[in-house]
Amino acid sequence: MLRVVCGQAERSDEFARDVPLSELEKKFCKLFNVEGDPNDYGFQVEGGEFSKKCITEEDWNDKSFHLGGVQFLTLRVRPSVLVEQNKKVLIDPNAEPETLKKVVFNLRHIISNDVATAEEFIDKHGMEDMMSVIHRTKGVTEGYALAVLRCSLGFVSGLRFLTETHGLVYKLYDLISSQSLQVQKQSLELVFALCKAHDDGFRLVHRAAKNAAKEAGEVPYEHLLTLLQSGDFDVQLNSLTLINIMMYKVLSIDCLFPCT
């Protein structure tokens with residue numbers, strides 16, 4: 001017998017592996033009186049070797065997949081469905097401001113606590129969508145969106161997506177020039193985290209700095225030095241941290257002259 005939890009309710013039943021997974025999912029959707037399309041729901045493993053994994057038909061038919069040590073299963077909205085629902089609002093340029101703010105706020109919580117959905121969000125280019133939200137909004141929504149981006153970079157896949165997606169590092173570095181102290185502070189944190197955590201971080205940030213300077217008609221890093229005179233302590237600290245990391249990186253890798 002295995003326990004299945006949905007919200008505050010739970011049921012127990014036998015899980016025969018010869019029964020198609022889709023039938024079991026529909027069965028429990030009915031037992032829990034789940035509203036909406038049963039095809040949007042699936043089981044997530046809690047405990048055991050495959051803890052936090054959302055079970056797919058492929059898993060179910062794979063003999064190496066087992067439920068040994070599992071404490072219970074959670075019946076939940078599939079990560080793919082959850083991400084698709086939220087992306088519709090993120091990419092809609094005509095989305096109501098309050099609706100967009102609510103979606104971004106909820107995503108901040110989801111990305112922080114739901115690994116399966118976070119990975120799906122990153123895989124479906126959610127970070128790129130969130131960067132677009134940051135550039136077209138101001139205030140609270142912009143801050144929430146930066147928090148989502150920061151949470152996404154806590155995943156290896158998130159860091160990889162940022163560094164491998166053309167232009168995304170440039171857009172991140174451009175946020176340092178924002179008029180908002182909060183955006184300056186958070187974007188500096190993300191840039192120095194990238195520079196420190198990624199093997200090619202120095203090159204990526206250096207190129208972004210040169211690109212930003214060229215577009216602004218400035219000397220590279222001129223704006224960064226200006227931020228050291230900011231009246232905000234956190235902005236000053238984060239600017240100095242980024243400069244220190246860049247200096248350390250350029251002295252510790254053989255790229256002083258090749259970095260173009």
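**Exercise 1.** Does glutamate 46 count as buried or exposed, and at what relative accessibility?

*Solution.* Start with what you're looking at: this is a predicted model, where local features need pLDDT of at least 70, side-chain atom pairs count only at pLDDT 80 or more, and totals for chains, interfaces and linings use all residues. Residues are numbered from 1 along each chain as its sequence is written, and side-chain values use heavy atoms, with hydrogens and water left out.

Now find glutamate 46 in strand E3, residues 41–46 (strands, E, are DSSP runs of at least two residues and helices, H or I, of at least four, numbered from the N terminus). Its relative accessibility is 9%, so glutamate 46 counts as buried (buried is under 20% relative accessible area, exposed over 50%, partly exposed in between, with a 1.4 Å probe and protein chains only).

Next, look around it. Setting aside neighbours within four places in sequence, glutamate 46 is in contact with Ser51, Lys52, Val70, Gln71, Phe72 and Thr74 (contact means heavy atoms within 4.5 Å).

**Exercise 2.** Work out how the rings of phenylalanine 50 and phenylalanine 65 are arranged.

*Solution.* The whole structure holds four aromatic pairs (rings of Phe, Tyr and Trp, the last by its six-membered ring, pair if their centres lie within 6.5 Å; planes under 30 degrees apart are stacked, over 60 edge-to-face, the rest tilted). For phenylalanine 50 and phenylalanine 65, the centres are 4.8 Å apart and the planes sit at 50°, so this pair is tilted.

Then place the two rings. Phenylalanine 50 is in the loop between E3 and helix H2 (57–60), and phenylalanine 65 is in the loop between H2 and strand E4 (72–77), so the pair ties together parts 15 residues apart in sequence. Phenylalanine 65 is buried too, at a relative accessible area of 4%.

Elsewhere, check out the aromatic cluster formed by Phe28, Phe32 and Phe43.

**Exercise 3.** Describe how helix H3 packs against H6.

*Solution.* First the geometry: the axes of H3 (residues 79–90) and H6 come within 10 Å and cross at roughly 30° (axes are lines fitted to C-alpha atoms, for helices over the stretch in contact, with angles from 0 to 180 degrees between N-to-C directions). That makes H3 roughly parallel to H6 (under 35 degrees is roughly parallel, over 145 roughly antiparallel, 65 to 115 roughly perpendicular, the rest oblique).

Last, the residues: Lys87, Val89 and Leu90 in H3 meet Asp129, Met130, Val133 and Arg136 in H6.
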